Amino acid sequence: MSEQLMLSAEARDRAGKGASRALRREGRVPAVIYGNNEEPQSIHVEEKLLSKLLGTGHFFNSVVMVEVGGAKVRTLPKDVAFHPVTDRPLHADFLRVSEHATVTVAVPVRFENEDASPGLKKGGVLNVVRHDVDLIVDAAEIPDDVVIDLTGFEVGDSIHISAVKLPKGAKPAIEDRDFTIATIVAPSALKSSGSEAAAAAEGEGE
(Lines give C-alpha, C1' and ligand atoms only; values in the text may rest on other atoms or scores of the structure.)
Protein backbone atom coordinates (compact mmCIF):
# COMPACT_ATOMS: atom_id res chain seq x y z
CA MET A 1 0.00 0.00 0.00
CA SER A 2 1.22 3.51 -0.80
CA GLU A 3 2.62 5.32 2.20
CA GLN A 4 0.96 8.41 3.60
CA LEU A 5 2.86 11.58 2.72
CA MET A 6 3.01 14.79 4.77
CA LEU A 7 3.04 18.32 3.39
CA SER A 8 3.00 21.49 5.49
CA ALA A 9 1.19 24.49 4.03
CA GLU A 10 0.11 28.02 4.82
CA ALA A 11 -3.21 29.69 4.04
CA ARG A 12 -3.13 31.97 1.01
CA ASP A 13 -5.05 35.21 1.55
CA ARG A 14 -4.38 36.94 -1.74
CA ALA A 15 -5.39 35.56 -5.13
CA GLY A 16 -4.45 36.57 -8.65
CA LYS A 17 -1.44 36.22 -10.91
CA GLY A 18 0.57 38.94 -9.17
CA ALA A 19 0.22 37.31 -5.77
CA SER A 20 1.09 33.90 -7.23
CA ARG A 21 4.23 35.28 -8.89
CA ALA A 22 5.29 36.85 -5.60
CA LEU A 23 4.87 33.52 -3.81
CA ARG A 24 6.94 31.70 -6.44
CA ARG A 25 9.74 34.23 -6.06
CA GLU A 26 9.79 33.27 -2.37
CA GLY A 27 10.12 29.57 -3.23
CA ARG A 28 6.46 28.80 -2.58
CA VAL A 29 3.91 27.11 -4.83
CA PRO A 30 0.26 28.27 -4.85
CA ALA A 31 -2.22 25.43 -4.36
CA VAL A 32 -5.85 24.71 -3.61
CA ILE A 33 -7.67 22.10 -1.54
CA TYR A 34 -11.20 21.36 -2.75
CA GLY A 35 -13.99 18.80 -2.63
CA ASN A 36 -15.82 16.77 0.02
CA ASN A 37 -18.67 19.32 0.01
CA GLU A 38 -16.50 22.02 1.59
CA GLU A 39 -15.36 25.42 0.36
CA PRO A 40 -12.10 25.43 -1.63
CA GLN A 41 -9.13 26.50 0.49
CA SER A 42 -6.28 28.47 -1.09
CA ILE A 43 -2.87 27.54 0.29
CA HIS A 44 0.81 27.68 -0.61
CA VAL A 45 3.49 25.06 -0.01
CA GLU A 46 7.27 24.98 -0.07
CA GLU A 47 8.51 24.28 -3.60
CA LYS A 48 11.47 22.14 -2.41
CA LEU A 49 9.23 19.91 -0.31
CA LEU A 50 6.64 19.53 -3.07
CA SER A 51 9.39 18.64 -5.57
CA LYS A 52 10.76 16.06 -3.11
CA LEU A 53 7.33 14.40 -2.84
CA LEU A 54 6.93 14.48 -6.62
CA GLY A 55 10.28 12.70 -6.85
CA THR A 56 9.00 9.71 -4.86
CA GLY A 57 7.37 8.36 -8.01
CA HIS A 58 4.08 7.62 -6.25
CA PHE A 59 2.90 11.13 -5.36
CA PHE A 60 -0.31 10.88 -7.41
CA ASN A 61 -1.42 7.56 -5.94
CA SER A 62 -0.68 8.43 -2.30
CA VAL A 63 -2.77 10.09 0.38
CA VAL A 64 -1.15 13.41 1.30
CA MET A 65 -1.87 14.87 4.72
CA VAL A 66 -1.72 18.64 4.20
CA GLU A 67 -1.19 20.52 7.45
CA VAL A 68 -2.63 24.04 7.42
CA GLY A 69 -2.63 26.16 10.56
CA GLY A 70 -2.23 23.13 12.82
CA ALA A 71 -5.07 21.20 11.19
CA LYS A 72 -4.36 18.14 9.02
CA VAL A 73 -6.42 17.64 5.88
CA ARG A 74 -6.49 14.22 4.17
CA THR A 75 -6.10 14.77 0.43
CA LEU A 76 -5.34 13.08 -2.85
CA PRO A 77 -3.13 15.02 -5.31
CA LYS A 78 -5.09 15.59 -8.53
CA ASP A 79 -2.93 17.87 -10.63
CA VAL A 80 0.35 19.79 -10.67
CA ALA A 81 1.06 22.40 -13.34
CA PHE A 82 4.70 22.72 -14.38
CA HIS A 83 6.64 25.50 -16.10
CA PRO A 84 7.07 24.49 -19.77
CA VAL A 85 10.77 25.33 -19.81
CA THR A 86 12.15 24.91 -16.28
CA ASP A 87 9.76 22.13 -15.16
CA ARG A 88 9.30 23.91 -11.82
CA PRO A 89 5.91 23.25 -10.18
CA LEU A 90 3.65 26.28 -10.63
CA HIS A 91 0.39 25.20 -9.02
CA ALA A 92 -1.06 22.14 -7.30
CA ASP A 93 -4.60 20.82 -6.76
CA PHE A 94 -5.52 18.58 -3.84
CA LEU A 95 -8.84 16.76 -3.41
CA ARG A 96 -10.19 16.35 0.13
CA VAL A 97 -11.05 12.74 0.92
CA SER A 98 -12.44 10.98 3.97
CA GLU A 99 -10.42 8.07 5.36
CA HIS A 100 -12.31 5.33 3.55
CA ALA A 101 -13.63 7.30 0.58
CA THR A 102 -13.81 5.54 -2.77
CA VAL A 103 -11.35 7.24 -5.10
CA THR A 104 -10.04 6.80 -8.64
CA VAL A 105 -6.24 6.79 -8.95
CA ALA A 106 -3.75 6.01 -11.69
CA VAL A 107 -1.61 3.13 -10.41
CA PRO A 108 1.71 2.26 -12.14
CA VAL A 109 2.05 -1.12 -13.83
CA ARG A 110 5.02 -3.36 -12.94
CA PHE A 111 5.96 -6.48 -14.87
CA GLU A 112 7.66 -9.48 -13.33
CA ASN A 113 8.93 -12.94 -14.35
CA GLU A 114 10.13 -11.83 -17.79
CA ASP A 115 12.48 -14.84 -17.77
CA ALA A 116 9.45 -17.13 -17.59
CA SER A 117 7.89 -15.74 -20.77
CA PRO A 118 8.63 -18.03 -23.76
CA GLY A 119 7.90 -15.18 -26.13
CA LEU A 120 10.45 -12.87 -24.54
CA LYS A 121 13.03 -15.66 -24.31
CA LYS A 122 12.68 -16.17 -28.09
CA GLY A 123 13.56 -12.52 -28.65
CA GLY A 124 10.10 -11.04 -28.51
CA VAL A 125 9.67 -7.50 -27.19
CA LEU A 126 7.32 -6.36 -24.45
CA ASN A 127 5.25 -3.53 -25.94
CA VAL A 128 3.66 -1.62 -23.05
CA VAL A 129 0.39 0.00 -24.10
CA ARG A 130 -0.51 1.38 -20.65
CA HIS A 131 2.14 2.32 -18.10
CA ASP A 132 -0.54 2.86 -15.46
CA VAL A 133 -4.10 1.74 -14.86
CA ASP A 134 -6.96 3.80 -13.41
CA LEU A 135 -8.36 1.90 -10.44
CA ILE A 136 -11.30 2.53 -8.12
CA VAL A 137 -10.09 1.85 -4.58
CA ASP A 138 -10.54 2.67 -0.92
CA ALA A 139 -8.50 5.80 -0.10
CA ALA A 140 -6.89 3.92 2.80
CA GLU A 141 -5.88 0.99 0.57
CA ILE A 142 -4.24 2.59 -2.48
CA PRO A 143 -1.75 0.11 -3.96
CA ASP A 144 1.79 1.07 -4.94
CA ASP A 145 1.52 -0.75 -8.25
CA VAL A 146 -0.30 -3.33 -10.33
CA VAL A 147 1.90 -6.42 -10.77
CA ILE A 148 1.60 -8.36 -14.02
CA ASP A 149 3.09 -11.85 -14.19
CA LEU A 150 4.54 -12.54 -17.65
CA THR A 151 4.90 -16.30 -17.06
CA GLY A 152 3.80 -18.30 -20.09
CA PHE A 153 3.14 -15.44 -22.51
CA GLU A 154 4.15 -16.08 -26.12
CA VAL A 155 4.92 -13.80 -29.08
CA GLY A 156 1.62 -12.43 -30.35
CA ASP A 157 -0.10 -12.60 -26.97
CA SER A 158 -1.93 -9.60 -25.57
CA ILE A 159 -2.30 -9.00 -21.85
CA HIS A 160 -5.75 -7.66 -21.03
CA ILE A 161 -6.97 -6.22 -17.74
CA SER A 162 -9.15 -9.32 -17.21
CA ALA A 163 -5.98 -11.45 -16.95
CA VAL A 164 -4.46 -9.26 -14.24
CA LYS A 165 -4.79 -10.03 -10.54
CA LEU A 166 -5.75 -6.68 -9.06
CA PRO A 167 -5.05 -5.70 -5.44
CA LYS A 168 -7.80 -6.63 -2.97
CA GLY A 169 -10.81 -4.33 -3.18
CA ALA A 170 -9.65 -2.63 -6.38
CA LYS A 171 -11.52 -2.60 -9.67
CA PRO A 172 -10.78 -0.95 -13.04
CA ALA A 173 -12.27 2.48 -13.63
CA ILE A 174 -12.89 1.42 -17.26
CA GLU A 175 -15.56 -1.27 -17.06
CA ASP A 176 -17.06 -1.28 -20.56
CA ARG A 177 -14.19 -3.10 -22.29
CA ASP A 178 -11.37 -5.55 -21.63
CA PHE A 179 -8.57 -3.15 -22.47
CA THR A 180 -5.02 -4.15 -23.41
CA ILE A 181 -2.15 -3.32 -21.07
CA ALA A 182 0.73 -4.84 -23.06
CA THR A 183 1.53 -7.11 -25.99
CA ILE A 184 4.49 -9.31 -26.84
CA VAL A 185 5.59 -8.64 -30.40
CA ALA A 186 8.24 -10.15 -32.64
CA PRO A 187 11.25 -7.91 -33.39
CA SER A 188 10.48 -8.30 -37.10
CA ALA A 189 7.00 -6.90 -36.49
CA LEU A 190 8.55 -3.85 -34.86
CA LYS A 191 10.89 -3.37 -37.79
CA SER A 192 8.15 -3.70 -40.40
CA SER A 193 5.85 -1.32 -38.56
CA GLY A 194 8.75 1.12 -38.29
CA SER A 195 9.39 0.83 -42.03
CA GLU A 196 5.73 1.42 -42.78
CA ALA A 197 5.72 4.50 -40.54
CA ALA A 198 8.84 5.82 -42.27
CA ALA A 199 7.32 5.21 -45.71
CA ALA A 200 4.13 6.96 -44.68
CA ALA A 201 6.13 9.91 -43.37
CA GLU A 202 8.02 10.13 -46.66
CA GLY A 203 4.76 9.99 -48.57
CA GLU A 204 3.34 12.86 -46.53
CA GLY A 205 6.40 14.95 -47.35
CA GLU A 206 5.86 14.67 -51.12
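Start by selecting R177 and D176 in this predicted model: their side chains are joined by a polar contact of 3.4 Å. Zoom out a little and you will see that R177 sits in the loop between β12 (171–172) and β13 (180–185). Is R177 buried, partly exposed or exposed? Its relative accessibility is 45%, so R177 counts as partly exposed.

Keep R177 on screen and add R130 and I161. Leaving aside neighbours within four places in sequence, these are the residues in contact with R177. For a distance to try in your viewer, pick the C-alpha atoms of R177 and I161: they are 9.1 Å apart in space, with the two positions 16 residues apart in sequence numbering.

**Next stop: β13**

Select residues 180–185 now. This strand, β13, is mostly covered, with five of its six residues buried. Which strands pair with β13? One of them is β8 (residues 125–128), which runs antiparallel to β13 and is joined to it by four bridges. Highlight V125 and you will find V185 of β13 standing opposite. Another is β11 (residues 158–160), also antiparallel to β13, this time through three bridges. Here S158 has T183 as its bridge partner in β13. If you would like a reminder of what holds such pairs together, strands of a sheet pair through backbone hydrogen bonds, either parallel or antiparallel.

**Into the core**

Stay on β13 and click I181. Apart from neighbours within four places in sequence, I181 is in contact with a long list of residues, including V109, F111, V128, I148 and I159. Two residues you met around R177, R130 and I161, are among the contacts of I181 as well.

Now colour V103, I148 and I181 together. Of the 28 residues in the largest nonpolar core, these three touch the most other members. Which elements give two or more residues to this core? They are β7 (102–112), β9 (132–138), β10 (146–149) and β13. The most comes from β7, which gives five residues. There is also a second, separate core of 18 residues; to find it, select L50, V80, A92 and F94, which are included in it.

**On to the barrel**

Show the strands β1 to β6 as ribbons. They form a closed barrel of six strands in the order β1-β3-β2-β6-β5-β4, with mixed pairing. On average, neighbouring strands of this sheet are turned by 45 degrees against each other, direction ignored. For a close-up of one pair, select β4 (residues 64–68) and β5 (residues 71–82): they run antiparallel and are joined by five bridges. Within that pair, V64 has T75 of β5 as its bridge partner.

**Last stop: helix α1**

Select residues 17–25, which make up α1. This helix lies across β2, β3 and β6 (89–96), and runs at about 125 degrees to β2. Which residues of α1 are buried? Show A19, S20, A22 and L23 as sticks, for these are the buried ones. They cover an arc of only 160 degrees around the axis, which puts them on the same side of α1. An α-helix has 3.6 residues a turn, so residues three or four places apart point the same way. The buried residues of α1 pack against β2 (28–35) and β3 (38–46). Turn the view to the face away from that buried side, and you will meet the exposed residues K17 and R25. Finish at G27, which follows α1 and has a positive phi, near 80 degrees.

Key
Residues numbered from 1 in each chain as written. Predicted model: local features only at pLDDT ≥ 70, side-chain atom pairs only at ≥ 80, totals over all residues. Heavy atoms only, no water. Buried < 20%, exposed > 50% of the residue type's maximum accessible area, 1.4 Å probe, protein only. Arc of directions from axis to C-beta. Contact = heavy atoms within 4.5 Å. Polar contact = N/O pair within 3.5 Å; in protein donor to acceptor, adjacent residues only side chain to side chain. Pairing = 2+ DSSP bridges. Axes fitted to C-alpha atoms, helices over the stretch in contact; angles between N-to-C directions. Core = buried A, V, L, I, M, F, W, Y, C linked by side-chain atoms within 4.5 Å.
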